[in-house]
Amino acid sequence: MDEVIRVQNLSFAYKQDYEVLKNISLVFDKKSTAIIGQNGAGKTTFVKLLKGLLKPTSGEIYIKGYNTKEVSTAFLSKYIGLVFQNPNDQIFKNTVLEEVMFGPLNILKDKKQAQENAIKALEMVGLQDKMHIHPYDLGLSDRKLVSIASIVSMDPDIIILDEPTIAQDHKGNTIIKNVIKELKEKGKLVITITHDMDFVAEIFERTIVLNEGIILLDGNTREVFSQQEILKKAYLELPHVAQLAKKLGIKQTLLTEQELINFLKHNKLNN
Amino acid sequence: MRYLSLYQEGNSLLHKIDPITKLLFVIIAILVPIIINTLTMALAFFIISTLLVFVARAFKRTLPIISFSSLVIITVLFIQGLFYLKNQTPFFTLGPFVFYKEGLLYATGIAIRIFNIINAVAVLIFTTKPSDLIEALVKKGVSPKIGYVFSSVLQIIPQMMSIVDTILDAQKARGLETEGSFTKRAKAFIPLIGPAVLNSLISTKERAMALEVRGFNSKKKKTFLNEVPYNKYSNVLQVALIAILVFSIIWRIISW
Ligand SMILES: Nc1ncnc2c1ncn2[C@@H]1O[C@H](COP(=O)(O)OP(=O)(O)OP(=O)(O)O)[C@@H](O)[C@H]1O
Ligand SMILES: [Mg+2]
């Protein structure tokens with residue numbers, strides 16, 4: 001198991017005496033990971049800490065061995081990329097291409113290479129035809145895709161997506177799923193915050209449940225979704241397929257449509 | 001919405017008094033010692049406003065302003081003590097310098113008047129939310145447009161600052177060094193100005209539209225969202241304060 005991120009006794013407070021995260025310790029390897037939890041659980045805060053934009057109040061975070069307290073955020077950006085929850089917090093250039101090139105230009109210092117990477121990333125999210133448009137002339141869903149492309153173009157080993165699927169229609173969702181799959185194939189650690197349980201069930205190997213600043217559950221996605229009682233405590237629902245399977249009286253936790261179909265076919269044959 | 005403001009939450013008596021009364025007090029604390037130009041009057045108001053600073057539990061926050069202006073006042077004390085035109089009676093000597101009583105008294109008068117103004121204003125700004133003050137003024141008949149201009153001015157700077165912070169984060173997050181040497185920071189700051197200004201213009205436009213759809217320009221009489229339950233004695237206080245002002249003017253005219 002090669003360790004990519006190590007979090008040790010991490011606590012964080014924006015305001016004194018009000019801890020948003022409480023003594024969290026965990027390790028990330030290459031397994032794609034979903035972070036779920038209700039609004040205000042501290043998910044965004046947690047990934048901003050990983051990214052080095054916030055520094056721990058106490059405890060330590062190591063990104064590929066670098067302590068986030070000891071290196072600059074800019075330095076870390078070679079290794080870890082964060083797609084912000086709100087794309088408007090991230091976009092500040094005048095054209096889509098410039099926006100996506102900003103990161104690679106800082107890292108590579110080579111304009112041609114940076115442009116190549118940027119165009120590749122834009123193709124990945126299907127925006128190659130909108131390269132010369134002002135980002136604010138795009139709708140929210142496309143702007144979110146721009147913000148994803150601008151991180152992918154930097155080619156970091158760790159990519160964190162903060163609610164990538166908000167405001168996306170089916171097409172946008174499919175694009176994002178494909179991007180994540182492609183990143184996984186390239187051997188990158190993908191961490192995603194989301195409220196979409198179907199998305200979690202379909203894509204991610206590991207799931208972490210944050211609740212009021214502590215980790216309520218952490219493990220294999222299937223194991224996590226079989227802890228229905230605990231999930232209920234965190235006000236989280238099961239993926240739709242799992243709900244349906246429960247209603248059908250199936251004991252196992254099934255996560256995807258395909259699994260359910262296979263299960264039903266198999267059982268029919270047996271009966 | 002964040003305001004540029006020195007207000008701090010509290011529950012002192014002065015937090016409960018309505019903003020207009022406090023504003024009136026500031027005006028009177030400044031005007032009366034000018035109208036009745038005696039050291040006793042200045043001293044009286046200085047004592048009152050100092051007491052109020054303590055009642056407002058704002059002494060700690062007023063102290064820095066006081067100490068800063070003390071620097072200026074000490075120089076005034078020096079200059080007047082040495083060179084005041086009516087200097088006659090030597091008071092004490094410091095090395096080769098002779099300080100005179102008249103000059104020192106004159107400078108003390110100035111000091112008391114300045115500290116009085118600082119304390120009075122401190123009581124107002126440390127215990128009053130700017131938005132409450134503006135709303136109170138609008139209730140008293142100041143045009144809502146003027147009120148809006150004031151509150152925008154107070155909002156725009158924190159707003160720009162938070163936009164700048166956001167963009168700085170976005171830049172850092174994508175590999176631009178914004179910490180460290182001056183040139184590094186300058187390099188990060190220059191590309192910031194464009195989007196910061198643009199973003200605040202966009203939000204100004206959006207705010208204007210939001211105001212318009214809620215009938216900001218309507219000529220109907222407006223009602224207010226906040227009916228703040230201020231101290232019920234505020235009317236009495238206001239009348240008393242205005243009476244003090246009127247009396248001091250009459251006094252001045254009579255004793256001329
Ligand atoms: N800049 C800030 N200053 C002060 N408090 C903050 C700040 N940002 C977030 N918080 C508080 O920290 C807590 C956790 O917020 P966070 O944004 O991490 O939640 P989240 O899990 O990402 O929620 P959501 O699902 O709504 O995005 C909340 O109570 C929030 O109000
Ligand atoms: Mg969030």
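Student: How much of chain A counts as buried?

Tutor: In this predicted model, 52% of the 271 residues of chain A count as buried. The surface can be read as well: chain A exposes about 12,900 Å², and carbon and sulfur atoms supply 48% of that area.

Student: Which helices and strands should I look for, and how many are there in chain A?

Tutor: You can trace 11 helices and 10 strands in chain A. With a radius of gyration of 20 Å, close to the 18 Å that the globule rule gives for 271 residues, chain A is as compact as a globular protein of that length. Along the principal axes, its C-alpha atoms fill a box of roughly 65 × 45 × 35 Å.

Student: What share of the contacts in chain A joins residues at least 24 apart?

Tutor: Start with the contacts between residues at least 6 apart in sequence; of these, 61% join residues at least 24 apart.

Student: Now the ligand, please. How many residues surround ligand 1, and which are the closest?

Tutor: The shell around ligand 1 has 13 residues, and the closest are N39(A), G40(A), K43(A), T44(A) and T45(A). By type, the shell divides into three nonpolar, eight polar and two charged residues. Helix α1 (residues 43-51) of chain A gives the largest share, three residues.

Student: Where do polar side-chain atoms meet an oxygen atom of ligand 1?

Tutor: Polar contacts are pairs of N or O atoms within 3.5 Å, and here are some to find. In N39(A), a polar side-chain atom lies 2.9 Å from an oxygen atom of ligand 1. For T44(A), the distance from a polar side-chain atom to an oxygen atom of the ligand is 2.6 Å. The side chain of T45(A) has an N or O atom 2.5 Å from an oxygen atom of ligand 1. Overall, the protein covers 63% of the 630 Å² of accessible area that ligand 1 has on its own.

Student: What can I learn from phi angles?

Tutor: Most residues other than glycine have a negative phi, so a positive value is worth a look. One example is N23(A), whose phi is near 45°; this residue is found in strand β2 (residues 18-28) of chain A. Another is Y235(A), which is not a glycine yet has a positive phi of about 55°.

Student: Where is Y235(A) found, and is it buried or exposed?

Tutor: Look in the loop between α9 (228-233) and α10 (240-247) of chain A. Exposed means over 50% relative accessible area; Y235(A) has 66%, so it is exposed.

Technical notes: Residues numbered from 1 in each chain as written. Chains lettered and ligands numbered in written order. Predicted model: local features only at pLDDT ≥ 70, side-chain atom pairs only at ≥ 80, totals over all residues. Heavy atoms only, no water. Near = heavy atom within 4 Å. Polar contact = N/O pair within 3.5 Å; in protein donor to acceptor, adjacent residues only side chain to side chain. Areas by Shrake-Rupley, 256 points an atom, 1.4 Å probe, with all protein chains shown as cover. Helix = DSSP H or I, 4+ residues; strand = E, 2+ residues; numbered from the N terminus. Nonpolar A, V, L, I, M, F, W, Y, C, P; charged D, E, K, R; others polar. Rg over C-alpha atoms; globule rule 2.2 N^0.38 Å. Buried < 20%, exposed > 50% of the residue type's maximum accessible area, 1.4 Å probe, protein only. Contact = heavy atoms within 4.5 Å.
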